[in-house]
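Colleague: Please pick the surroundings of the ligand for a close look, and then follow the chain outward from there. I would like to know what is there and how each point was judged.

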Amino acid sequence: TQARIGVTGLAVMGANLARNLARHGHVVAVHNRSRHRTKTLVEEHGHEGAFVPCETPEELVAALERPRRLLVMVKAGAPTDAVIEEFAPLLEPGDMLVDGGNAHFADTRRREAALRERGIHFVGAGVSGGEEGALLGPSIMPGGSAEAYAALGPLLEDIAAKVDGVPCCTHIGPDGAGHFVKMVHNGIEYADMQLIAEAYDLLRQGLGLSPAELAEVFAEWDRGELSSYLIEITAEVLRQTDAATGRPFVDVVADRAEQKGTGRWTVQIALDLGVPVSGIAEAVFARAVSGHAELRSAARDLPGPAAPAAGAAGEGFAEDVRQALHASKIVAYAQGFDQIRAGSDEYGWDVDPGALAAIWRGGCIIRAAFLDRIREAYAADPAPVSLLLAPYFTDALARAQGPWRRVVARAAELGVPAPGFSTALAYYDALRAERLPAALIQGQRDFFGAHTYRRVDREGAFHTLWSGDRTETEA
Ligand code: 6PG
């Protein structure tokens, strides 16, 4: 029998996706550049399903039923191009090459266009959920042609996570759409993690709670509207004790957050698209600040407020922080979905944000009950100006705004950095503002550069003769 699908690149993500496919009864041809991985996979997991081990690209291609489906699971960047170059000459028109790595969507667009010329469908698929998700059910975001999705979709939907029986996989849109939304998913992931980290820091410093006590707070939050995978694992991490020292695990980990780049890309692209994703940007910058060892050590003795006494933040603070976290999270997600709409408009992808929210309910790192609220908001109004204006979120923000303001003020008083909470609140207040000081900025621009301004009461562009008699001229 010929294999239904092939997987090349058998590091943990590729191996786990191959196992997931095999466990669902699909014959999977497996290949890796260095052969030992192929051998190990089949030796250790051969009993889980039908694997066809292949030693060479030619063997792999020959093992596949036609049109061929080949999933590439290698490091994003040059390795992906190398694998494409290796396999494309062996494929035939109508075959499908799926890139399940964290590729930059611009690379995916380039690759898709080049392979389309050769009649090959290139599918850039975002895959989220980490190692465990790959094995037990990830959230899958495939881009590419509708024709390719028709041939691949059922297989991918089969191995994806399910929520209420609905697979966490849907066709996102043409060419780079899948990798674009995966990129923004990761940006949102960064923002969510940053907000949770700020909540932890504020509670620890403001209330003097231990990591073990904080684990209980997060476990409790996980039972409410914040219920999510990231809150759940936060409780797990905080509960952990370091075996070597007996200290809380979180206290023995170096406080420098690393990144592989998808969050940074999200912000870079948002700047190009002109979409304010301040929550994601602050999260990327907060990781950067944490990593600046020299700067941090040089600045260590800058004065701050007197150290707060344990419990200084007072009663009700934990609930305030919970509300502030919820409100800030709503802002960060709304901004991410704005970026998806902007990208979709820019590239003509026609991404369905409600369908996307639905497939993020399970399998992925940001999976949460919250995504169902977003799905519902888009079901009620497919094109809201902002998710913040959907009734559920407007109500939540109205309820949270008191606590949210108290927490941001308290953070400033305590000297605890809360860039995520602060920027989210600033965004909310900027949207609410009847007048923004942008008018003053326009005046400054016109003053030094004759950049002109518009008026509130008349059409046209105007310039004031700042260095002359200061009369206004129509530009
Ligand atoms: C996922 C994750 C994953 C990502 C890691 C690491 O959806 O499963 O987003 O794709 O690679 O979270 O990202 P950083 O190293 O940039 O934190």
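Modeller: Happy to. A polar contact here is a pair of N or O atoms within 3.5 Å; within protein, one atom must be able to donate a hydrogen and the other to accept it, and residues adjacent in sequence count only if both atoms are side-chain atoms. This is a predicted model, so local features need pLDDT of at least 70 and side-chain atom pairs count only at pLDDT 80 or more, while totals for chains, interfaces and linings use all residues. Residues are numbered from 1 along each chain as its sequence is written, and side-chain values use heavy atoms, with hydrogens and water left out.

Let us begin at the ligand itself. It is surrounded by 14 residues (a residue is near if one of its heavy atoms lies within 4 Å), and the closest are Ser128, Lys182, Asn186, Glu189 and Tyr190. Helix α8, residues 177-207, contributes the most to this shell, with 5 residues; helices (H or I, at least four residues) and strands (E, at least two) are DSSP runs numbered from the N terminus. By type, the shell holds 2 nonpolar, 8 polar and 4 charged residues (Ala, Val, Leu, Ile, Met, Phe, Trp, Tyr, Cys and Pro count as nonpolar, Asp, Glu, Lys and Arg as charged, and the others, Gly among them, as polar).

What reaches the oxygen atoms of the ligand? Lys182 places a polar side-chain atom 2.8 Å from an oxygen atom of the ligand, and a polar side-chain atom of Asn186 is likewise 2.8 Å from a ligand oxygen. In Lys260, a polar backbone atom lies 2.8 Å from an oxygen atom of the ligand. On its own the ligand has 410 Å² of accessible area, and the protein covers 80% of that (areas come from the Shrake-Rupley method with a 1.4 Å probe; for residues, only the protein chains shown count as cover).

Now back towards the start of the chain, where strand β2 (residues 28-31) makes a good anchor. Val28 and Val30 point one way from β2, Ala29 and His31 point the other way, and all are buried (under 20% relative accessible area; exposed is over 50%, partly exposed in between, with a 1.4 Å probe and protein chains only). On one pairing, β2 runs parallel to strand β1 (residues 5-8), joined by 4 bridges (two strands pair if DSSP finds at least two bridges between them). Within that pairing, Ile5 stands opposite Val28. Between β1 and β2 the chain passes through helix α1 (residues 12-23), as a right-handed β-α-β crossover; that means that, with the strands pointing away from the viewer, the path from the first strand over the helix to the second runs clockwise.

The next strand continues the story. Strand β3 (residues 51-54) also pairs with β2 in the parallel sense, over 4 bridges. Here Ala29 stands opposite Val52, and Val30 has Pro53 as its bridge partner. Together β2, helix α2 (residues 35-45) and β3 form a right-handed β-α-β unit.

The loop between α2 and β3 holds Glu48. Is Glu48 buried or exposed? Its relative accessible area is 18%, so Glu48 counts as buried. The Glu48 side chain makes a polar contact with the Arg23 side chain, at 3.2 Å.

A little further on, the loop between α3 (57-63) and β4 (69-72) contains Pro67. The peptide bond from Arg66 to Pro67 is cis, with omega near -10 degrees. After that comes strand β5 (residues 96-99), the place of Asp99. Asp99 counts as buried because its relative accessibility is 1%.

Some backbone points lie later in the chain. Asp350 is in the loop between α15 (317-347) and α16 (353-359), and its phi is near 60 degrees, a positive value in a residue other than glycine. At 71% relative accessibility, Asp350 is classed as exposed. Arg470, in the loop between β10 (462-464) and β11 (472-474), also has phi near 60 degrees, positive although the residue is not glycine.

Finally, helix α18 (residues 391-414) includes Arg406. Arg406 is partly exposed, at a relative accessible area of 49%. Its C-alpha atom is 7.4 Å from that of Asp320, although the two residues are 86 residues apart along the chain.
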